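User: Please take a close look at how the helices pack in this model, beginning with one pair and following its surroundings outward. I would like the reasoning behind each description to be explicit.

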Amino acid sequence: MAESSPSKQNLTFDPYEFLKIKLNPNGSLTRNYVIPTVPPSSDPSNSPPQPALSKDIILNASAKTSIRLFIPNPPPSSSAAKLPLLLYFHGGGFIMYHPSSLIFHQSCTTFAAEIPVVVASVDYRLTPEHRLPAAYDDAVESLLWLKSQAQNPNESDPWIRDHVDFNKCFLMGNSAGGNIAYFTALHVLDLDLAPIKIQGLLLNCLFFSGVQRTESELRLINDHILPLPAGDLMWNLSLPEGADRDHVYCNPTVSDVVYGEKIGRLPRTFINGYSGDPLVDKQKEVVKILEAHGVHVEADFCEDGYHAVEIFDRSKAQALIDNVKKFILSTVDPQSSM
């Protein structure tokens, strides 16, 4: 299928205006966020009580990266069974947002409280100031940080030391964060992460594309959440200089060629998507690639819904939470039932 013709696009559409960003002469972005940021809340006595406690810790001071930790409120007792850990990567097309952004802070709060798990939400470097693979490097560093936490309990953060079962770790990402989780899992296959064990991947509204347009991209070219020109701009600002959308980071067919049989070593994977998402065809392509390499895949593609619908629709948010909980519990305890 060829590139879409300009006649099918809204020629007055300005993706910079749509995304509320401005590209500066030095290559940086001015981001005019409409979603507020929120501080962490680590005091159980705060009113009103929060379903989960949170705090920020430094990952790499020179790179200005950090991690926002979430634990259920009230925290489990020291004698309680330790919890799985969810290493989480937020969405935003690689160019926007942080763990402190309200929508992602709330998501991680809910995961921590309802599953329950300890969540470590990574504040990775954004593009275009730090083009890919910077975000992947930060994600790998977060796993190595977690390994050091497990190996050095006397120096580790008390929330990690007291409440995390390092044998039950999961990588999860939303949109671009799902892309980060996918490549992070591939990048660490040959690293010794012991005693950390990655049990599964949870990939929501995966952010992939390619030079050749898919049916869903053309059908939803003027989508209200992720119109095609906005998605293209995000990739243009994120991929290495000079790369097109058939780069390995963007096109899953190319990543299949590059990583080959290594993909078959990935852990159990849950993929969530919606038929009203321009990216849904690429998400289904990832499912087929994983299955072709023998990966156990659980996929849920809703007929209704759109990209990141769970941010706006409480019922879709609850359905995602329920699916994430079911996947995690069935992975760490195959005998468990909901």
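Analyst: An angle between helix axes is called roughly parallel under 35 degrees, roughly perpendicular from 65 to 115 degrees and roughly antiparallel over 145 degrees, and the remaining angles are called oblique. The model to which this is applied is predicted.

The pair to begin with is helix 2 and helix 10, whose axes are 11 Å apart and meet at an angle of about 45°. These two helices are therefore oblique to each other, and their crossing is right-handed. On the side of helix 2 the contact is made by Thr110, Phe111 and Glu114, which meet Gln318, Ile321, Val324 and Lys325 of helix 10. Sorted by class, this contact holds three nonpolar, two polar and two charged residues. The nonpolar ones are Phe111, Ile321 and Val324, the polar ones Thr110 and Gln318, and the charged ones Glu114 and Lys325.

Helix 2 itself covers residues 102–114, 13 residues in total. At 1.5 Å a residue it should span 18 Å, and its end C-alpha atoms are indeed 18 Å apart, so the expected and modelled spans agree. Its buried residues are Ile103, Phe104, His105, Cys108, Thr109, Phe111 and Ala112. Phe111 thus has two roles, as a buried residue of helix 2 and as part of the contact with helix 10. Helix 10 is one of several elements over the buried residues of helix 2; the cover also includes strand 3 (52–60), strand 4, strand 5, strand 6 and strand 7.

Strand 7 leads to Val164, which lies in that strand. Val164 is described as buried because its relative accessible area is 1%, where the cut-off is under 20%. Not counting residues up to four places away in sequence, Val164 touches Lys82, Leu83, Leu85, Val118 and Trp159. For one of these partners, Leu85, the C-alpha separation from Val164 is 6.1 Å, although the two positions lie 79 residues apart along the chain count.

The loop that follows strand 7 on the way to helix 5 contains Ser175. Phi of Ser175 is near 60°, a positive value in a residue other than glycine. In general, most residues other than glycine have a negative phi, and most peptide bonds are trans. Ser175 is also buried, with a relative accessible area of 6%. A second case is Ala308, in the loop between strand 10 and helix 10. Its phi is likewise positive, near 60°, and Ala308 is buried at a relative accessible area of 8%.

The peptide bonds offer two further exceptions. From Asn73 to Pro74 the bond is cis, with omega near 5°, and Pro74 is found in the loop between strand 4 and strand 5. From Leu132 to Pro133 the bond is cis as well, with omega near 20°; Pro133 belongs to the loop between strand 6 and helix 3.

Helix 3 (residues 134–151) brings the account to another helix pair, for it packs against helix 5 at an angle of about 60°, with the axes 9 Å apart. That angle makes helix 3 oblique to helix 5, and this crossing too is right-handed. Helix 3 contributes Ala135, Tyr136, Ala139, Val140 and Leu143 to the contact, and helix 5 contributes Asn179, Ile180, Phe183, Thr184 and His187. The tally by class is seven nonpolar, three polar and no charged residues, the polar ones being Asn179, Thr184 and His187.

Ala135, within helix 3, is buried with a relative accessible area of 1%. Apart from its neighbours within four places in sequence, Ala135 is in contact with Tyr124, Arg125 and Ile180.

Helix 5 also meets helix 9, as one of the elements against which the buried residues of helix 9 pack; the others are helix 6 (215–219), helix 8 (252–259), strand 9 (268–274) and strand 10. These buried residues are Val280, Lys282, Gln283, Val286, Val287, Ile289 and Leu290. Helix 9 (residues 280–292) has 13 residues and should span 18 Å at 1.5 Å a residue, which agrees with the 18 Å between its end C-alpha atoms. Gly294, with a positive phi near 90°, follows helix 9.

Notes
Residues numbered from 1 in each chain as written. Predicted model: local features only at pLDDT ≥ 70, side-chain atom pairs only at ≥ 80, totals over all residues. Heavy atoms only, no water. Helix = DSSP H or I, 4+ residues; strand = E, 2+ residues; numbered from the N terminus. Expected span 1.5 Å × (residues − 1). Buried < 20%, exposed > 50% of the residue type's maximum accessible area, 1.4 Å probe, protein only. Contact = heavy atoms within 4.5 Å. Axes fitted to C-alpha atoms, helices over the stretch in contact; angles between N-to-C directions. Left-handed = near helix turned anticlockwise from the far one by under 90°.
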